[in-house]
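This report walks through one protein model, strand by strand and helix by helix. Keep the structure open while reading.

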Amino acid sequence: MPETPVEPAARPTPSDPAGLSAEDGKLVVLARGARARVAAVEGAAVRDQDGRTYAAASVALPSLTVTALQLAVASAAAAGASRLEAAVVVTEASTLDGAGHAAVRDLSADAPIHVAAPDGTVLGTVIE
């Protein structure tokens, strides 16, 4: 199977975790839960234009690898979402993966993508 190029990982800009809206804070909780439920490397959650939320964990199978953020965006799109208001990825990495970033941007050019540590501490936000 050929490799698909992805854009370089985006570095989150520092943000004040207390500055998250209550709705974005809920996304952090959902993403942490998705990650912990299956002991995945990453968990993610997104909120669509109608306020519906979708949470997912990363998948790493011999024939399929999907980031948590890609899967959360795919779930939203499959449910009919046409736009995302916000996204969160919970990861041990200090950067946002390019594939997840691109998936969010497919549905929204300006939705904030919050990157959080496994303990829920927001490390930063990608807004571009």
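## Strand β6

The model is predicted. Start with strand β6, residues 113-116. Its side chains split into two sets: I113 and V115 point one way, H114 and A116 the other. All four are buried. In a regular strand, side chains alternate between the two faces of the sheet.

β6 has a partner in strand β5, residues 84-90. These two strands run parallel and are joined by four bridges. V90 is the residue standing opposite A116 of β6. Helix α3, residues 98-107, belongs with this pair. Together, β5, α3 and β6 make a β-α-β unit, and that unit is right-handed.

## The hairpin of β6 and β7

β6 also pairs with strand β7, residues 122-126. Here the sense is antiparallel, again over four bridges. H114 has T125 of β7 as its bridge partner.

β6 and β7 form a hairpin with five residues between the strands. In this hairpin, G120 takes a positive phi near 95 degrees.

## The five-stranded sheet

Which strands make up the open sheet, and in what order? There are five, ordered β2-β1-β5-β6-β7, with mixed pairing. The edges are β2 (53-57) and β7, each of which pairs on one side only. On average, neighbouring strands of the sheet are turned by 15 degrees against each other, direction ignored.

The link between strand β1 (residues 43-48) and β5 is antiparallel. Six bridges join these two strands. One residue to look at in β1 is A45, whose bridge partner in β5 is V88.

## Helices on the sheet

Helix α2 covers residues 68-78 and packs on the sheet. It touches β1, β2, β5 and β6. The direction of α2 makes about 30 degrees with that of β1.

How do α2 and α3 sit against each other? Their axes come within 8 Å and cross at roughly 20 degrees. Angles under 35 degrees count as roughly parallel, so α2 is roughly parallel to α3. The crossing is left-handed. On the α2 side, the contact is made by L69, Q70, V73 and A77. On the α3 side, the residues are A99, G100, H101, A103, V104 and L107.

## A closer look at V104

V104 lies in helix α3. Is this residue buried or exposed? Its relative accessibility is 0%, so V104 counts as buried, the cut-off being under 20%.

What does V104 touch? Leaving aside residues up to four places away in sequence, its contacts are L69, V73, L84, A87, A111 and I113. L69 and V73 are also on the α2 side of the contact between the two helices. I113 is one of the buried residues of β6. V46 is 58 residues from V104 in sequence. In space, their C-alpha atoms are 8.7 Å apart.

## The whole protein

The protein holds three helices and seven strands. From the N terminus on, the elements run α-β-β-β-β-α-β-α-β-β.

Of its 128 residues, 44% count as buried. Now take contacts between residues at least 6 apart in sequence. Among these, 63% join residues at least 24 apart. The pairing of β1 (residues 43-48) with β5 and the contact of V104 with L69 can both be traced in the model.

Terms used
Residues numbered from 1 in each chain as written. Predicted model: local features only at pLDDT ≥ 70, side-chain atom pairs only at ≥ 80, totals over all residues. Heavy atoms only, no water. Buried < 20%, exposed > 50% of the residue type's maximum accessible area, 1.4 Å probe, protein only. Pairing = 2+ DSSP bridges. Right-handed = clockwise from strand over helix to strand, strands pointing away. Axes fitted to C-alpha atoms, helices over the stretch in contact; angles between N-to-C directions. Contact = heavy atoms within 4.5 Å. Parallel < 35°, antiparallel > 145°, perpendicular 65-115°, else oblique. Left-handed = near helix turned anticlockwise from the far one by under 90°.
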